[in-house]
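Thanks, everyone. Let me put the structure up, and then I'll talk you through it.

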Number of protein chains: 2
Amino acid sequence: MRNPYYGPVPEKKPIPRPAARRLSLYLRELSSRLEQGEATVSSKALGRSLGLTDAQVRKDLAICGQLGHPGRGYTISDLVGSLRKIMGRDRDWRVCVVGSGNIGRALVSYDRFRREGFEIVAVFDANPAVAGQEVGGLRVQPMRDLSTTVAAERINLGIVAVPREAAQQVADALVAAGVRGILNFAPRRIEVREGIGIVSVDFTVALEQLAFQTATGLDLSFEDGDHADEPTDGDAPTSV
Amino acid sequence: MRNPYYGPVPEKKPIPRPAARRLSLYLRELSSRLEQGEATVSSKALGRSLGLTDAQVRKDLAICGQLGHPGRGYTISDLVGSLRKIMGRDRDWRVCVVGSGNIGRALVSYDRFRREGFEIVAVFDANPAVAGQEVGGLRVQPMRDLSTTVAAERINLGIVAVPREAAQQVADALVAAGVRGILNFAPRRIEVREGIGIVSVDFTVALEQLAFQTATGLDLSFEDGDHADEPTDGDAPTSV
DNA sequence: CTCTGTGAAAACATTCACAGCG
DNA sequence: CGCTGTGAATGTTTTCACAGAG
């Protein structure tokens, strides 16, 4: 959104991938501080809470524009507002869960989603015996209703909580129904077409990372645990 | 802790952090192929499944030693064996879950853990009303039994599935009881002393990453979803 | 010809260090 | 002073490209 007509090109600079991952953590910490009644915070203090250096924090927050006040720090509410906007947290996210097994049910009942602005409005399950049961205040719907409900409820994100074997198929159905992004809990890589978001969480991978850290002794340590697959275009790089 | 005496030192080179994250994904994909009855695989084919370039795959697998056969590819079973060893998957992991809410119960019942060699042998809950109930074949124990049971059952990993407010305290209790690593599902950073492993999974952060990807349109995509906090030593860098 | 292993180059990310604001 | 914003330096990861094995 700069330099309309001709000239050196609009050029919205891309957010560094590792920074993008950290943005969520800033938002989480800042919201928490805001609730505690704090009004400002310095890059040093924030870094301490998050295990980052102050320089790193300043570089990351520079993504939000120049919100810091030299000598004073950052105004938390401004930062929260800016982060929410950048991360797409200012819009409405309407979510459905596919799979009403242990994980699906736990997610539907996970109150924090709603409090954070992600509203789960439908649950589906392929098992006809389960359809009609109630989970977290919602009636489980049969898969056949998927596309109708996604449209009617204006659902834009889908959560896949089905067995490995069914995961890709379910993801395809969700995309076909119109969701724009998928959060996958099945232990496999999901391929989606360009333009559809995909993030995966694999509990076993997380435990394995932990075993690795623990076995390796004390040294190496790393970051994020859940992974975001690549939008499967041609020769997409990135991870599963 | 570096180079005690003088001399060239054995020098086991450290595994690049991003590579460490990918190792789990290789193992997952390779195990699956092994089950399908495949015996060998090329870096190119593996990369295709995982969304990585063939060069990346070769560099990563070089960590396991020289297991590839030029012109032929890698023998999957060798790779799986080597990966399991490197990742500490060759030993026994005995796990307890603290918190028998929705998430805790889902995890206790998550069969894949056992099949992958992580045995959940105890569940704890601070609520006395819950103690004694059965969850996934285990009797929920009161917190007061934590250290006794951890010792008696030789538990080495703990899963924290309690509300945010109690998380740090529970983590401290687990470490005091003797676990060597913690998998944290509470939405906050957990601090542990040097030498204790820590990996966090935050569902809201994962959904947020998805919202970000989706809102940002089609472009940037990233990796892992769950995060591993840093072992809180002095000025530890890394993320939450 | 296919496919690995690997230095060397390129891209990317973090840390440093300091000018400048309040 | 304390603290931000940012180029320049450093460190890390990925990609390239090719020699050499089967």
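I'll take the DNA contacts, then the cysteines, then a sheet and a helix in chain B.

One caution before the details. This is a predicted model.

Start with DNA strand C. Which residues are closest to it? Of the 25 residues that surround strand C, the closest are Lys59(A), Ser43(B), Arg58(B), Gly71(B) and Tyr74(B). Look at the DNA side of that contact. Sugar and phosphate make up 64% of the strand C atoms that come within 4 Å of the protein.

Now the individual polar contacts on strand C. The side chain of Lys59(A) has an N or O atom 2.8 Å from a base oxygen. The side chain of Arg58(A) has an N or O atom 3.4 Å from a base nitrogen. Ser43(B) goes to the backbone of the DNA instead: an N or O atom of its side chain is 2.6 Å from a phosphate oxygen.

Where does this surface come from? Two or more residues each come from helix H1 (17-35) and helix H3 (54-61) of chain A, and from helix H3 (54-61), strand S2 (68-69) and strand S3 (73-75) of chain B. H3(A) gives the most, with four residues. By class, the surface near strand C has eight nonpolar, nine polar and eight charged residues.

Next, DNA strand D. Here 24 residues surround the strand. The closest are Ser43(A), Arg58(A), Tyr74(A), Arg22(B) and Lys59(B). Sugar and phosphate account for 65% of the strand D atoms within 4 Å of the protein.

Again, the contacts. A polar side-chain atom of Arg58(A) lies 2.8 Å from a base nitrogen of strand D. Recall that the Arg58(A) side chain also has an N or O atom 3.4 Å from a base nitrogen of strand C. Lys59(B) places a side-chain N or O atom 2.8 Å from a base oxygen of strand D. Arg17(B) uses its backbone: a polar atom there is 3.4 Å from a phosphate oxygen.

The elements that each supply at least two residues near strand D are H3, strand S2 (68-69) and strand S3 (73-75) of chain A, with helix H1 (17-35) and H3 of chain B. The classes here are seven nonpolar, nine polar and eight charged.

Cysteines, quickly. How many disulfides does the structure hold? Zero, over all chains. Cys96(A) is buried, at 0% relative accessible area. Cys96(B) is also buried, at 0%.

On to the chain B sheet. Seven strands form an open, mixed sheet, in the order S6-S7-S5-S4-S8-S9-S10. Strand S6 (134-135) and strand S10 (197-200) stand at the edges with a single partner strand each, so one side of each has no neighbour in the sheet. Inside the sheet, S5(B), residues 118-125, runs parallel to S7(B), residues 138-142, and three bridges join them. One residue pair to find on screen: Phe124(B) has Gln141(B) in S7(B) as its bridge partner.

Last, helix H9 of chain B, residues 203-215. Its 13 residues reach 18 Å from first C-alpha to last, close to the 18 Å expected. Is H9(B) buried or exposed? Buried: 12 of its 13 residues are, so the helix is largely enclosed by the rest of the structure. Among those buried residues are Phe203(B), Leu207(B), Glu208(B) and Phe212(B). At the start of H9(B), a side-chain oxygen of Asp202(B) comes within 2.9 Å of the backbone nitrogen of Thr204(B).

That's the tour.

Notes. Residues are numbered from 1 along each chain as its sequence is written. Chains are lettered from A and ligands numbered from 1 in the order in which they are written. This is a predicted model: local features need pLDDT of at least 70, side-chain atom pairs count only at pLDDT 80 or more; totals for chains, interfaces and linings use all residues. Side-chain values use heavy atoms; hydrogens and water are left out. The expected span of a helix is 1.5 Å times one less than its number of residues. Buried means under 20% relative accessible area, exposed over 50%, partly exposed in between (1.4 Å probe, protein chains only). A polar contact is a pair of N or O atoms within 3.5 Å; within protein, one must be able to donate a hydrogen and the other to accept it, and residues adjacent in sequence count only if both atoms are side-chain atoms. A residue is near a molecule or strand if one of its heavy atoms lies within 4 Å of it. Ala, Val, Leu, Ile, Met, Phe, Trp, Tyr, Cys and Pro count as nonpolar, Asp, Glu, Lys and Arg as charged, and the others, Gly among them, as polar. A disulfide is a pair of cysteine sulfur atoms within 2.5 Å. Two strands pair if DSSP finds at least two bridges between them.
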